[in-house]
Amino acid sequence: MKKIFIFFLFLAFLSFLKPVFAYSQNKAGINIAANHHELEKAAEIVGPGGWVVIMACPSDGDKIASFIASHPQINVVVRGHFAGNTPNADLAKSWAATLASIPSTNKIYFVPWNEPNQAGTADYATPEEVVGFVSDLTLNFQQTMGSSWKNKVILLSPMMNQTHYNFSDYVHQIRAVKSSFFGQFDGIAFSLYDLCDTPLTCDSKYLNPLKIEEVLGEMGATGKPIFGIEAGTAGNNFYWKMAPSAGSPLFQFVDSYLDRSPGSVKMFAIPSYDLAGEVGHSWSLFDPPDVANLLRSAPDGGTTSASGVSQNITMKKCPGRNYTFYENSESECIECGGSGYSLLSCLPLSGEEYGEEYSKETLKISETVGYQNDCTTVNFTGKLSASNVSIPFARNLNLFFIGPYMDNLAARVAKQNPNPIKDYGVIEKIASVELQDDLRLKFLSEITNGHPTRYSGFNIQGVGANELASRFKSIDKKRKERRRLTENEEIFLKKIWPQVPLFANEETDGEIIFEGSGISGSIKTSIPEVYRLDKVTQLIAQMLGLKNNHVAGEQVINPQVLAKDCEKTPNLPKIVSDKETLSGPSDPVCTDNNLQENPQEIIEGERTYDHSDFDTRNMGGCEGKPPNGCCGTGGKCLPKGDLAIPGVCSAGECDCKSCDSEDFCYSGSHYPGCEVPKPEKTFDIDISIKNRVPFLKRISENTVGPNGIFRIFVPLNEDSSSANRIISHAFREVAGESKASLEMDNFQVKSAVGVEIDPESSQDLITLLFHKLGTVFNAKNLVAGMELWPFGQGGTVANPDPFSPAVSDITNFETLFETIGNTIGVPPKILAAIMQIESPSTYNLTAEQINTYSQPEVIMPGCGPNECSATGPMQMTTGIDRNGSPSCSECCWKGKCLTECPNQWSVYGQGNPCNLADNITAAAKKLKHDSGATSMDWTREQVYEAAYHYYGNCTVAYERLGNRTYCEFVWWYYTAR
């Protein structure tokens with residue numbers, strides 16, 4: 001017995017000596033794809049030993065390095081391939097240099113290709129292409145890091161989609177090219193989607209991730225570790241069809257898979273984003289936080305230590321980067337993901353026809369100046385920097401005109417049956433095929449003209465811009481000559497050519513200009529979205545026969561005045577905007593230092609003062625002073641009386657000619673020369689802020705101008721003053737608004753006199769206005785039917801008297817309405833009336849339920865959007881309908897159906913639309929905005945304005961509202977109760 005015990009003890013000892021690949025025990029992962037702004041949030045949730053999956057290019061190397069340095073306890077998985085771009089030898093070389101150079105105490109997990117087996121999609125690649133690229137990659141790893149490259153990199157297989165119909169055939173084909181292909185990797189990457197009707201219950205090894213180990217055999221990879229780079233529920237339970245709440249299939253999947261997944265599964269990552277083209281990129285893993293909390297609760301794990309490798313990097317470093325390289329052109333330095341902008345995308349194209357708007361605030365500088373003589377000159381320079389700048393509505397408008405797939409045409413091409421109504425933008429619906437082909441050719445020509453562009457290196461499945469244009473021209477010539485096309489040419493026209501964009505999305509040069517008395521400066525900006533928005537609106541205007549082919553830009557005035565010969569610097573009045581504004585969905589604007597002509601001295605002043613600018617000081621009495629000596633404030637001493645001593649004004653009086661004082665003069669008409677200034681004075685200077693953005697003038701003229709696009713579709717209705725009022729309201733001048741942080745520092749005074757420059761605040765939040773973008777957005781919504789159609793669905797009236805709910809049912813609601821209404825500026829009865837119409841059954845909530853569902857992050861059970869995307873007790877529209885679609889195609893009225901869901905929540909909402917307080921607050925903000933009211937005492941016209949824009953119709957009477965229209969009911973409820 002003792003011998004047997006010793007034998008097993010010896011075996012256990014041997015097992016400790018056996019090499020073991022040290023993987024983490026924490027399987028919780030989040031896949032952020034190219035949403036790099038979510039890196040920190042994902043890391044906080046998955047915790048030590050957790051996993052963050054990022055889609056990136058080699059040019060994102062510095063961003064990856066920074067994340068690794070600040071989160072050494074996190075396992076980082078890099079997906080090194082973007083759909084639609086075929087990896088090649090150049091990409092292999094770049095990735096080798098980037099991964100070799102990034103300092104990391106842990107090994108970096110690397111996935112070389114995304115789902116190449118998905119035939120018919122932009123990810124697809126031939127087996128030969130995939131085998132060839134992996135061979136290039138490992139060869140470059142060896143050349144760059146030496147034979148010990150695996151001390152730095154854990155190479156995973158291309159991410160395979162085992163649920164795809166092509167999976168088994170593809171695996172067979174790829175192994176025919178190289179039988180040991182999958183055996184060469186340190187782990188096998190899968191998209192572990194669960195397609196079972198009930199999570200993790202079906203018998204199929206392809207559809208049930210619990211059985212994923214059974215798939216390894218046919219891949220020749222038995223025993224390999226498994227990495228679920230993407231995971232979640234799919235099919236009828238696709239994760240984006242329901243918010244990640246505790247009752248969702250996704251929650252059930254994660255809860256079970258954390259405990260029950262096979263031991264060979266080392267991690268699985270839930271996407272934090274929508275898959276391309278599924279529901280308009282609005283789904284978020286983080287809201288509500290139920291699934292995220294499951295991932296957060298996973299046990300802590302470890303990481304796999306890396307050891308040093310040699311570096312043989314022959315590529316050149318990108319400017320300003322440490323871990324990003326290029327071979328031939330700096331265009332290779334363009335970043336792929338995240339909200340940041342790369343070096344090159346911060347080099348804007350020149351714009352034209354600028355729209356300009358002043359801010360609602362001014363900057364203030366406190367300038368303390370010492371008096372020197374009758375001509376005091378102050379010179380200074382300072383540094384201004386802006387951050388968190390964004391442009392509102394521009395991308396949303398582009399989505400309307402160009403379509404929801406404008407930045408991912410490959411995803412639309414991959415769809416089996418694209419819907420021409422919801423999958424295409426305005427331009428494709430009205431432009432001829434020939435015109436669209438011309439636009440694609442112009443795009444290809446434009447991006448190859450030598451300008452540093454975000455499209456440098458543009459290709460589709462390995463075919464570059466020049467070759468794409470050449471192939472199309474050749475095929476088009478054959479079509480026009482009525483010659484038969486080959487199968488490959490047909491495939492090119494159906495699968496490749498439609499992926500070429502109609503318009504480029506380059507940044508264009510803008511400027512934030514600062515104007516003050518003798519002060520000038522500016523911050524250069526690089527604005528996204530407006531370039532192609534200008535192109536598409538101008539083209540549509542021309543197609544419709546409008547005459548807005550040229551609109552004169554606004555003149556820019558340089559206010560700086562240089563002082564000479566004591567010419568005082570004129571005081572410029574401060575200019576602030578009184579425009580109505582609207583904030584909404586926005587995109588970041590680049591303000592990188594490399595845009596500045598002189599980033600250290602971008603604000604300067606030269607101001608000249610004379611004695612009249614300084615306060616006069618009291619010089620005291622006349623005792624002991626000579627005649628005409630200065631006294632008081634601006635007076636002169638005059639001898640007086642018998643005691644006057646020649647040459648001395650010992651008993652004289654201070655004379656100001658019109659002074660009432662017997663002894664001293666402090667006011668009145670002063671003698672020149674005796675206005676003795678105080679030694680110093682502090683001047684408060686207002687600096688006006690003007691936002692100058694290219695193309696906005698022409699965009700507004702081509703859309704909401706007198707002959708603009710949107711005007712054509714909403715002619716004035718002579719029979720309806722109400723309709724005219726609505727149209728006028730939508731077309732009123734409204735500027736787009738966004739906030740930005742501005743910092744003033746590093747002031748350098750060049751004056752000979754004592755001067756101190758003190759910004760009122762080292763960092764101010766300023767409002768930037770964008771010329772008429774709010775008007776364009778409002779008019780677009782009106783034309784698209786988003787504000788003209790009734791979205792209020794109401795509920796089943798539980799109370800037999802819907803106009804007189806029992807007091808006990810609304811006591812706590814009264815408090816809630818008063819709190820929110822008084823804060824926002826909306827009469828509480830208006831809020832009560834809206835909820836009475838939209839969801840009267842909500843009044844049945846108990847006091848305890850009202851309190852609970854008003855707490856932060858608590859949501860009402862069973863709350864969700866209807867067919868028109870309306871959600872919550874006030875039926876706020878949220879952009880996604882009950883089917884998880886952004887189209888709201890089931891939302892129909894009078895025979896017309898929507899093609900795009902309205903989304904008032906994106907403009908007015910904060911928090912969760914299914915939270916009682918958040919929902920009512922958002923509704924209050926919209927009602928307040930639309931009413932135009934400035935007090936709590938609303939007129940009938942203001943109530944009607946608010947109610948009409950909330951519902952969209954005030955002509956139809958409803959029996960359940962006492963045969964009143966929507967507006968009539970709200971007014972009745974407000975005044976009669």
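**Notebook: helices 5, 13 and 16 in a predicted model**

I began just after helix 5, where G146 takes a positive phi of about 80 degrees. The model is predicted, and I kept that in view for each entry below.

**Entry 1: helix 5.** I looked up the extent of this helix. Helix 5 covers residues 127–145, a run of 19 residues. From its first C-alpha to its last I read 27 Å, close to the 27 Å expected at 1.5 Å a residue. I then listed the buried residues of helix 5: P127, V130, V131, F133, V134, L137, N140, F141, T144 and M145. Against which elements do the buried residues of helix 5 pack? I found helix 4 (89–101), strand 4, strand 5 (153–155) and helix 6 (167–177).

**Entry 2: helix 16.** I turned next to residues 530–543, which form helix 16. Its 14 residues should span 20 Å at 1.5 Å a residue, and the end C-alpha atoms are 20 Å apart, which agrees. Why is helix 16 described as largely enclosed by the rest of the structure? I noted that eleven of its 14 residues are buried, so the description follows. The buried residues of helix 16 include the charged-letter entries R532 and D534 as well as V530, Y531 and L533. Further along helix 16, I recorded V536, T537, Q538, L539, I540 and A541 as buried. Helix 16 is followed by G545, whose phi is positive, near 80 degrees.

**Entry 3: R440.** I located R440 in helix 13, residues 433–446. Is R440 buried or exposed? R440 has a relative accessible area of 6% and is therefore buried, the cut-off being under 20%. Leaving aside residues up to four places away in sequence, I found R440 touching E428, W497, P498, V500, P501 and L502.

**Entry 4: confidence.** I checked how far the chain can be read. Its pLDDT averages 81, and 83% of the residues score at least 70. Confidence is lowest in helix 1 (residues 2–17), at a mean of 35, and highest in strand 4 (residues 108–111), at 98. Over residues 1–24 pLDDT stays under 50, and the model has 18 contacts beyond four places in sequence for them. Over residues 548–564 pLDDT also stays under 50, with 42 such contacts in the model.

**Entry 5: the whole chain.** I closed with totals. The chain has 27 helices and 31 strands. Of its 977 residues, 53% are buried. I noted an exposed area of about 42,100 Å², with carbon and sulfur atoms supplying 49% of it. Among contacts between residues at least 6 apart in sequence, 74% join residues at least 24 apart.

Terms used:
Residues are numbered from 1 along each chain as its sequence is written. This is a predicted model: local features need pLDDT of at least 70, side-chain atom pairs count only at pLDDT 80 or more; totals for chains, interfaces and linings use all residues. Side-chain values use heavy atoms; hydrogens and water are left out. pLDDT is the predictor's confidence in each residue, from 0 to 100. Helices (H or I, at least four residues) and strands (E, at least two) are DSSP runs, numbered from the N terminus. Contact means heavy atoms within 4.5 Å. The expected span of a helix is 1.5 Å times one less than its number of residues. Buried means under 20% relative accessible area, exposed over 50%, partly exposed in between (1.4 Å probe, protein chains only). Accessible areas come from the Shrake-Rupley method with a 1.4 Å probe; for residues, only the protein chains shown count as cover.
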